[in-house]
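User: I've got a two-minute coffee break and a structure open on my screen. Can you walk me through how the labels on it are earned?

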Amino acid sequence: MNDARVPVSIDLNGATVTDTVPAHQVLADYLRSRGIASVRVSCDQGVCGACTVLVDGVPAASCATFVFQVDDRAVRTLEGLAGGDDLHPVQQAFVDRFAFQCGYCTPGMVLTAVALLEQEPEPSPERVSQWMSGNVCRCTGYAPIVDAVLDAASRQQDSGGRS
Amino acid sequence: MTATSSVGAPLQRADAYAKVAGSLRYAVDFELPGMAQAAVLRSPHPHARIVRIDAESARRLPGVLAVLTGADPAARSRYGWYIKDQPILADRVARYAGDMVAAVAAVDSATAMAALELIDVVYEPLPPLIDLDSALRPDAPAIFEEPPRGKAPDYGRGASGWVHPEKNVCYRFRYTTGDSAVFGACDHVFEDTFTFSAMQHYHLEPFVTVASVADGLIEVWSSNQNPFALRRELARLFDRDEERVRVHVPPVGGAFGAKNLCKAEPVAILLAMATGRPVRFCMTAAESFLTQRQHSARLRLRTGVMADGTLIARRCEVLLDAGAYADASPLVSEKAAYRAPGPYRWQHVDTVASCVLTTTTPAGPFRGFGAPQASWASESQLDMIARRLDIDPYQLRVKNLRELGEPYMPGDSALDSDLRSGLDTVADALGYHDPRRRAELRRAGRGLGLAVGFKDSGGGRKPASARVSVSGDGQVTLRCGTVELGQGAHTALRQVVAQILAVPFGDVRFAPVDTTSVPYDQGTYASSSSAVMGRAVAEATENVRGQVREVITQRGGNPSGAEDEGLRPGWRRLVSGHEFEGSGHFEVASDVNAPLGEKCLFWEPGWGGAEVEVDRETGRVRLRHLVVCGDAGRMINPQLCHGQEQGSAVMGMAQAIVERFGYSDGALATRDPLTYRVATFGDLPDEFRCIVQEQGHGPGPFGAKGYGEGGMLVVAAAVANAVHDAVGARVTDLPLTPERVLDALAKAESEPAEDSG
């Protein structure tokens, strides 16, 4: 087992975290060990999207990312999305549109959608499907998720693009 | 939301906040102090004698706490539903590539996995039996040298079951009614064979169990659909009273049938016993493919009809590929056979399904439970017959569909849905009867197809109990064993309680599912939560309501709400300090005249309509429009019903076009999420509509039926029928790949005189 350790400094949900981690440690495991419970692994191969986090605003599979790769970067999870008990507009839209059932894919779906709307505030339904296509859901049949993202987009437009 | 309007309202799910915030705790998140991590070594060979296992190096690796193999007597105990044939760890024979041969507990996952590398196993490969034909050959080796013990249940009129009737067939079920002589009176007898592919459930939360054994008490936290059936099986496996086994089931991250009975639990318990520590066995997603999958099948239908389209007789022979162990295959075979005739009038039916053992991943319950296989064949053949007789496929169905109130088969309960109504809904949504539209479609290489799906639902031999309590300070709690799989059962059942007790939905708490503190339930499957557990919950709640009324009356108050039986809003103030508890129970009575030993509680229909566009050069099928419909009786929560309909329909679409679990050159080709092409956002049809009817005839509270499997039964046949309508090519195998469509096109063009259907 390789014992090499690497120093990292990460902006994790708005707070700076400085640590020394095993070189081979994977971001998903690291985040869970720090109590970021919303990050869950499913495929562990980087293909299902369940473990998605945002790295500098870009969706990344945390199961397929080493901790050292996010040194000096901003990592965002659901815990960093909204303040206190309030829900981010995307989260609220997921609730209102019943865009989840078992909920296992939901953290990854929400973050991927947040990234989309931060880049493209008014996506078409096709663009939503295309952007989200790296996230697998087994329960909903996807259509309610597309509806929720479009809903969130229009709400954010209505409230002046507040994110 | 007013207190008395819970049922029928699209109330926000009780678990909504936790799921979108990511704070919900699944079994995968569960931890105990001092918990060890488990990993298992699996046979790489599909069939092999295990000559020797040397685990000494593994045991000596620092951080390894225990290594067990099939040589350990406790590991040889066997589990299963009707047939107890699956050992906790394979002993002398590995029966499929993936069969567990050794188990390691270590201080962390990395160490456990490193230990696997140090276990040396000597195998003597045996001939693999990867498919139905190789397993059924007379010279094929027997996967079980001695047939394992098992028992067929007592069936009713016309039905029989046999355990291990022949080599490599672990179970056979047969149902027959009427006289086969009527085949002789038919104008035509058509025989067609269909194959049905397997999918893998692909639940995102893996199989995971944490086990702790202390003072003789076995305690597990598991992602599992059958807490009480699991408890019973574990008590038997580990030789103790059921009271000494405790099962906790947190909310489950998807199951679709896979998480039934024993999966990760026995290994976790064995390791907990060997190490004296709690042990977590969390399988990888790849290991799901080595643990459970849907039944692939071959179905041969021999159907006798009159020239005017009257259906007379049907003989079905179904071969289910059961994989290496029986698992729930015998139960699936009952349903695959019994449902194969479909909801039509027959004078004679003879249907038999055999569970063929193969050296592949065990097949088990998968949404639809034999009905997807049956409907694929039956609804495809109906269309083929219609075209051979030059009758509109819609008309052929309407002519023969059983009506509301007619028994499905002699001795079984009457249909409780108007099947024509749903068929008309999907046909109209597609413009099926508009001749101009049909002509336009055909010119554009497009076609329309319909299908009617039908299954008996609510389960068999499935008692359910519930308890409802009101504490002194007014807290309402529902205790029952229904598992929240994502389907929303914990929300819908709370709505039933809230409605009957006239309290706000948010005031009803659902107790954690724990076999020591909730009453017995057979399991969360067979679309049974709303109708079966719903009845137990309603009874328990009505019981409490009656007690409350009594106390209020005794205290000189007036308990009534809007109806005489109801409670007025604010009643809890009138009884504060007083505690109430009520029980409810529901169980279908056994009936020797009913084919399966009980009358079916409710029928779950599905209706599907598809518009496809077929590219004659590439064979590619584009699903332009999919409409799916079901009958929920009465929707307790419309959003939950719609969610189930959509999810089921997309899974059915995946079966038809996208997904296939399969072997290639003897090895599992689809062995992990990377290699298994699952349905994604991009696979949705151009237009997709789900319609949920409320015909009102359900046996559940307020007229509810169960819901959630209908979509799985209709999409494949509707799409194949639409392809046939579009280009005259008939595909009888799933999935409908471009290659198969091209082959069917070539066949149709080369045999114009003989209508192959």
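User: What share of the contacts in chain A with a separation of 6 or more comes from residues 24 or more positions apart?

Analyst: That share is 57%, where contact means heavy atoms within 4.5 Å. Before we go on: this is a predicted model, where local features need pLDDT of at least 70, side-chain atom pairs count only at pLDDT 80 or more, and totals for chains, interfaces and linings use all residues. Residues are numbered from 1 along each chain as its sequence is written, chains are lettered from A and ligands numbered from 1 in the order in which they are written, and side-chain values use heavy atoms, with hydrogens and water left out.

User: And what is the corresponding share for chain B?

Analyst: In chain B, residues 24 or more positions apart account for 79% of the contacts with a separation of 6 or more.

User: How do you know whether the radius of gyration of chain A agrees with a compact globule?

Analyst: The radius is taken over C-alpha atoms, and the globule rule is 2.2 Å times the number of residues to the power 0.38. For 163 residues the rule gives a value near 15 Å, and chain A has 16 Å, so the two agree. Along the principal axes, its C-alpha trace spans about 50 × 30 × 25 Å.

User: What does that rule say for chain B?

Analyst: With 757 residues, a compact globule would come out near 27 Å; chain B has 26 Å, which agrees. Its C-alpha atoms fill a box of roughly 75 × 75 × 50 Å along the principal axes.

User: What makes up the secondary structure of chain A?

Analyst: There are 5 helices and 5 strands in chain A, in the order β-β-α-β-β-β-α-α-α-α. Helices (H or I, at least four residues) and strands (E, at least two) are DSSP runs, numbered from the N terminus. Chain B has 18 helices and 29 strands.

User: Why is the pair B:F30 and B:W221 called stacked or edge-to-face?

Analyst: The search of the whole structure finds 20 aromatic pairs over all chains. In this pair the ring centres are 4.5 Å apart and the planes sit at 20°, so it is stacked. The cut-offs: rings of Phe, Tyr and Trp (its six-membered ring) pair if their centres lie within 6.5 Å, and planes under 30 degrees apart count as stacked, over 60 as edge-to-face and the rest as tilted.

User: What does this pair tie together?

Analyst: B:F30 is in the loop between helix 1 (16-21) and strand 1 (36-42) of chain B, and B:W221 is in strand 13 (residues 217-222), so the pair ties together parts that are 191 residues apart in sequence.

User: Why is B:W221 called buried or exposed?

Analyst: Buried means under 20% relative accessible area, exposed over 50%, and partly exposed in between (1.4 Å probe, protein chains only). B:W221 has 11%, so it counts as buried. Its partner B:F30 has 21%, so B:F30 is partly exposed.

User: How is the pair B:Y175 and B:Y338 classed, stacked or edge-to-face?

Analyst: That one is edge-to-face, with 5.2 Å centre to centre and 90° between the planes. B:Y175 lies in strand 10 (residues 169-177) and B:Y338 in helix 8 (residues 329-339) of chain B, so the pair ties together parts that are 163 residues apart in sequence. Both B:Y175 and B:Y338 are buried. Ring pairs link these two with B:Y408, B:F454 and B:W603 into a cluster.

User: Why is B:R231 called buried or exposed?

Analyst: B:R231 has a relative accessible area of 12%, so it is buried. This arginine lies in helix 5 (residues 227-237) of chain B. Not counting residues up to four places away in sequence, B:R231 touches B:E242, B:V245, B:V247 and B:T515.

User: What makes A:D72 stand out in its backbone?

Analyst: Most residues other than glycine have a negative phi, and most peptide bonds are trans. The phi of A:D72 is near 70°, a positive value in a residue other than glycine. A:D72 lies in the loop between strand 4 (58-61) and strand 5 (74-76) of chain A, and at 66% relative accessibility it counts as exposed.

User: Which peptide bond is cis?

Analyst: The one from B:L734 to B:P735 is cis, with omega near -10°. B:P735 lies in the loop between helix 17 (715-727) and helix 18 (738-750) of chain B.
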